[in-house]
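Biologist: I'd love a close look at one part of this model, the charged pairs, and how that part sits against the rest of the chain. Could you walk me through it at an easy pace?

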Amino acid sequence: MSPFLAALLCLACATLGRLSFKEPDLELEQINLTGLGLTGGTLDLVFDVYNPNDYRIRSTRLDVGIDLEGTHFGDGSVEKPLDLSPVNHSRVIVPVRFEWAGLGAGAHALLARQVLGYGVVGRVLLATPLGDKKVTLGGKGNVPLRKLVK
């Protein structure tokens with residue numbers, strides 16, 4: 001092995017040795033109601049995702065379940081690649097389809113409110129320079145509900 005190649009290999013190992021993985025922060029910013037029908041509807045969950053790492057993270061799949069006011073409301077997923085820039089915020093939109101059946105009589109009233117209590121759980125598979133990482137997502141709080149436009 002040439003001295004140059006050996007030095008390059010040592011430098012690469014030293015750089016990877018300093019890297020560590022920190023899980024991204026996920027915050028639900030708003031819920032956009034995108035459609036309503038007799039059997040259910042659709043909504044978009046708008047997340048702010050912060051990558052605290054000094055390197056780019058990529059994802060191929062994100063699965064999320066949403067509870068509104070303590071009732072499971074729906075599940076959604078994003079199967080397109082997500083590209084999270086180093087030490088930066090990204091906006092991620094997850095479409096969710098829901099059905100009125102099984103949500104209870106109060107479900108219609110939920111959508112009439114301006115702010116909803118939410119709980120979100122999910123998982124994402126991330127590709128990092130340190131290898132693939134499975135990350136479990138979770139959070140709860142209050143989020144504004146943006147009314148259906150037209």
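To begin with the setting, what percentage of the residues in the protein chain is buried?

Modeller: Happy to! Please keep in mind that this is a predicted model. Of the 150 residues in the protein chain, 37% are buried. The chain has two helices and eight strands, and along the sequence these follow the order α-β-β-β-β-β-β-α-β-β. Taking contacts between residues at least 6 apart in sequence, 65% of them join residues at least 24 apart.

Now to the charged pairs. Across the whole structure, a search finds five salt bridges. Let me start with Arg61 and Glu79, whose closest N and O atoms are 2.6 Å apart in their salt bridge. Arg61 belongs to strand β3 (residues 57-68), while Glu79 is in the loop between β4 (71-78) and β5 (82-84), so this pair links distant parts of the chain, 18 residues apart. In accessibility the two partners fall into separate classes: Arg61 is partly exposed at 35%, and Glu79 is exposed at 55%.

Arg61 also forms a salt bridge with Asp63, where the closest N and O atoms are 3.1 Å apart. Asp63 is buried, because its relative accessible area of 15% is under the 20% cut-off. Asp63 has another salt-bridge partner in Arg123, with 3.7 Å from N to O. Asp63 lies in strand β3 and Arg123 in strand β7 (residues 115-128), so this salt bridge ties together parts of the chain 60 residues apart in sequence. Unlike buried Asp63, Arg123 is exposed, at 55% relative accessibility. Through shared partners, the salt bridges join Arg61, Asp63, Glu79 and Arg123 into one network.

Next, the nonpolar side of the picture. Leu62, which sits in sequence between the Arg61 and Asp63 of that salt bridge, is among the residues with the most contacts inside the largest nonpolar core. This core has 31 residues, and Leu28, Ile31, Leu43, Leu45, Phe47 and Ile66 are also on the list of those with the most contacts. Strands β1 (25-36), β2 (40-51), β3, β4, β5, β6 (88-99), β7 and β8 each give two or more residues to the core. Leu45 shows how such contacts reach across the chain: leaving aside neighbours within four places in sequence, Leu45 touches Leu28, Gln30, Ile31, Val64, Ile66, Val92, Ile93, Val94 and Val96.

Leu62 turns up once more, this time in the lining of the largest cavity. The search of the whole structure finds one cavity of 30 Å³ or more, and the largest cavity holds about 100 Å³ of space. Besides Leu62, its lining includes Pro24, Leu26, Val49, Leu82, Leu84, Val92, Val124, Leu126, Val135 and Leu137. Strands β5, β7 and β8 (131-146) are the elements that give two or more residues to this lining. By class, the lining has eleven nonpolar residues, with no polar and no charged ones.

Back at the charged pairs, then, strand β3 holds both Arg61 and Asp63, and these two belong to the network that also takes in Glu79 and Arg123.

How values were computed. Residues are numbered from 1 along each chain as its sequence is written. This is a predicted model: local features need pLDDT of at least 70, side-chain atom pairs count only at pLDDT 80 or more; totals for chains, interfaces and linings use all residues. Side-chain values use heavy atoms; hydrogens and water are left out. A salt bridge is a side-chain nitrogen of Lys or Arg within 4 Å of a carboxyl oxygen of Asp or Glu. Buried means under 20% relative accessible area, exposed over 50%, partly exposed in between (1.4 Å probe, protein chains only). Helices (H or I, at least four residues) and strands (E, at least two) are DSSP runs, numbered from the N terminus. On a 1 Å grid over the protein atoms alone, a cavity is a set of points where a 1.4 Å probe fits but cannot get out, and a pocket is an open set with protein on both sides within 12 Å along at least five of seven lines; lining residues have an atom within 4 Å of a point. Grid points are joined across faces, edges and corners, and a volume is the space filled by probe spheres set on the points. Ala, Val, Leu, Ile, Met, Phe, Trp, Tyr, Cys and Pro count as nonpolar, Asp, Glu, Lys and Arg as charged, and the others, Gly among them, as polar. A nonpolar core is a set of buried Ala, Val, Leu, Ile, Met, Phe, Trp, Tyr and Cys residues joined through side-chain atoms within 4.5 Å. Contact means heavy atoms within 4.5 Å.
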